[in-house]
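Visitor: Hi, I'm new to this one. Could you walk me through it?

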Amino acid sequence: MIEEDVLCPFCGCLCDDLKVEVEEGRIVGVKRACRLGMSKFMGHERIVAPMVRRDGVLVETSYEEAYERAAEILKAAKRPLLYGWCSTVCETAKKGILLAEEVGGVIDSTATVCHGPSIIGIEEKGLAGSTLGQVKNRADLIVFWGANPAEAHPRHTLRYSSNSTGMFTPEGRGGRKVIVVDVRKTRTAKNADKFVLIRPGTDYEVIAALRMIVKGKGDLLPDAVAGIAKSDLEEVADMMKAAKFGAVLIGLGLTHSRGRYKNVDGALSLVADLNGFTKFVVLAMRGHYNVAGFGQVCAWETGYPMAVDLSRGAPYFNPGETAACDLLARREADAMMVVAADPASNFPRKTVEAMAEIPVIQVDPYPNPTTFIADVVIPTAVCGIEAEGTAYRMDGLSLRMKKVVDSVYPTDEEVVENILDRVRRLGDDN
Ligand code: SF4
């Protein structure tokens, strides 16, 4: 049996054109997916059964005991941290926020260590945004700033941006100009018409210089800015102003270099300036397939998109104080629940050491380094393959993910709901 128009639950491109071949309840082939999506569909090592840590060792247990243990940990904690939520569907996020509210915890997503600064920058400046469909159909200039889709979002250029063909862009790559700004010559940069190599941590200076040139004040600039010749910057500004429809696509190179959300604020301001001359939009190259979805659910439930402290009776948001890494770095979190994420792999060392000192609950289909420090491990079905649900593409478009094959595992949503039920029961018993 061939399933058509399947969505890929891997990266923020959320490609929706995959063909998946199923035989006797197993996936035996996938067409159109990139190598990243392919590896997810074709499967790899799974967590086989629920586990709890006894005498320092993870041992298999029942789902019932795992739920009970998880509920006891969260209920007993004074400052529980519920983290992850971006490689799962919106329905799980909604239950997670209810759980965080019930235990008076802090809920945060993986955005905190990726495009969180973009979100703060957007709050500061506002967003001249668009859908990826508009970029595909209209953009004749694409700027990748600190983004390398050739490695991180392999089908982005072909489906949505530089190499795609659209209604008003029938020539595809031939009818477009591509600018790449990065700290090294990436694979994406090799496809560029103009590559601007910048020194790490100088994005803000370079953006500020471009804004001056765009606004006709380039004569006030020195001959070079952050090591880049003014003539190079003038060429970039000319290309931008000459475009009929330009799109700036920002990546982690911008959000996680010195300046962070101020870099994003600068990029959004540059785009706002360019709209005085032509049509320009800006989009964040979101990583996990539903990182945008968690932000949506969290914002409509609490008023804030991430790093929300629900211990005060009203939601409180102050990244730098209430983000997952902040709580762990201050040794404030005394229990942690990790859903569909792997902070042990990508958090700073000191925060992972803090995780190792507190009870950790992991909810995930796959084992990862977080499993090694978890005290309760609960395996789940893979969303978008073994469970349906809603996810938001990197441009904010919501899409419905299919269930392609059955699973013996409960969904993330069911697991969080079961823990929530038990937490409420513990509350009733006390
Ligand atoms: S580009 Fe992203 S969403 Fe598309 S197939 Fe590859 S991993 Fe999946």
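**Domains, sheets and empty spaces**

Guide: Sure. The domain assignment of the chain gives domain 1 (46–112 + 289–429) and domain 2 (116–284). Keep in mind that this is a predicted model.

Visitor: OK. How far apart do the C-alpha centres of domain 1 and domain 2 lie?

Guide: The two centres are 34 Å apart.

Visitor: And how many residues of each domain are in contact with the other?

Guide: On the domain 1 side there are 9 residues, and they are in contact with 14 residues of domain 2.

Visitor: Let's go to the pockets. How much space lies in the largest pocket?

Guide: That pocket holds about 940 Å³. Its lining is made of 44 residues, and the ones nearest the centre are Phe10, Ser87, Gly287, His288 and Asn346. Helices H1, H6 (149–152), H10 (252–255) and H14 (343–346) are the elements that give two or more residues to this lining.

Visitor: What's the lining of the largest pocket like by class?

Guide: There are 21 nonpolar, 16 polar and 7 charged residues in the lining of the largest pocket.

Visitor: Which domains does that lining draw on?

Guide: Domain 1 and domain 2 each supply at least three residues to the lining of the largest pocket.

Visitor: What about the second largest pocket, what's its volume?

Guide: About 430 Å³. It has 22 lining residues, with Ile122, Leu127, Arg286, Gln296 and Met394 nearest the centre. The elements giving two or more residues to that lining are helix H4 (116–125), helix H11 (261–274), strand S14 (279–284) and helix H12 (291–302).

Visitor: Where does the second largest pocket lie relative to the two domains, and why?

Guide: It lies between domain 1 and domain 2, because both of them give residues to its lining. By class, the lining of the second largest pocket has 13 nonpolar, 6 polar and 3 charged residues.

Visitor: Now the closed spaces. How many cavities of 30 Å³ or more does a search of the whole structure find?

Guide: The search finds 2. The largest cavity contains about 90 Å³ of space. It is lined by 13 residues, and Cys8, Cys11, Cys15, Cys34 and Gly37 are the closest to its centre.

Visitor: Quite a few cysteines there! How does the lining of the largest cavity divide by class?

Guide: Into 11 nonpolar, 1 polar and 1 charged.

Visitor: And which residues line the second largest cavity?

Guide: Trp145, Val181, Val196, Val206, Leu210, Leu233 and Val236. Helix H8 (203–214) and helix H9 (230–242) are the elements that give two or more residues to that lining. The volume of the second largest cavity is about 30 Å³, and its lining has 7 nonpolar, no polar and no charged residues.

Visitor: Switching topic: strands. What's the order in the open sheet of 3 strands?

Guide: The order is S1-S2-S3, and the pairing is antiparallel. Strand S1 (2–6) and strand S3 (26–31) are the edge strands, each pairing on one side only. From one strand to the next, the twist averages 25°.

Visitor: Over how many bridges do S1 and S2 pair?

Guide: S1 and S2, which covers residues 18–23, pair over 3 bridges. Within this part of the sheet, Ile2 stands opposite Glu21 in S2.

Visitor: What lies across S1, S2 and S3?

Guide: Helix H1, residues 35–42, does. H1 runs at about 165° to S3. H1 is also one of the elements that give two or more residues to the lining of the largest pocket.

Visitor: One more spot: what do S4 and S5 form?

Guide: A hairpin, with 2 residues between the strands. In the turn, Asp55 has a positive phi of about 50°. S4 (residues 51–54) and S5 (residues 57–60) are antiparallel and pair over 4 bridges.

Visitor: Which residue in S5 does Val52 stand opposite?

Guide: Val59. Val52 also has a bridge partner in S19, namely Val376.

Visitor: How many bridges join S4 to S19?

Guide: There are 2, and S4 and S19 (residues 376–378) run antiparallel.

Visitor: What holds strands like these together, in general?

Guide: Strands of a sheet pair through backbone hydrogen bonds, either parallel or antiparallel.

Technical notes:
Residues are numbered from 1 along each chain as its sequence is written. This is a predicted model: local features need pLDDT of at least 70, side-chain atom pairs count only at pLDDT 80 or more; totals for chains, interfaces and linings use all residues. Side-chain values use heavy atoms; hydrogens and water are left out. Two strands pair if DSSP finds at least two bridges between them. Axes are lines fitted to C-alpha atoms, for helices over the stretch in contact, and angles run from 0 to 180 degrees between N-to-C directions. Contact means heavy atoms within 4.5 Å. On a 1 Å grid over the protein atoms alone, a cavity is a set of points where a 1.4 Å probe fits but cannot get out, and a pocket is an open set with protein on both sides within 12 Å along at least five of seven lines; lining residues have an atom within 4 Å of a point. Grid points are joined across faces, edges and corners, and a volume is the space filled by probe spheres set on the points. Ala, Val, Leu, Ile, Met, Phe, Trp, Tyr, Cys and Pro count as nonpolar, Asp, Glu, Lys and Arg as charged, and the others, Gly among them, as polar. Domain bounds come from an automatic or database domain assignment.
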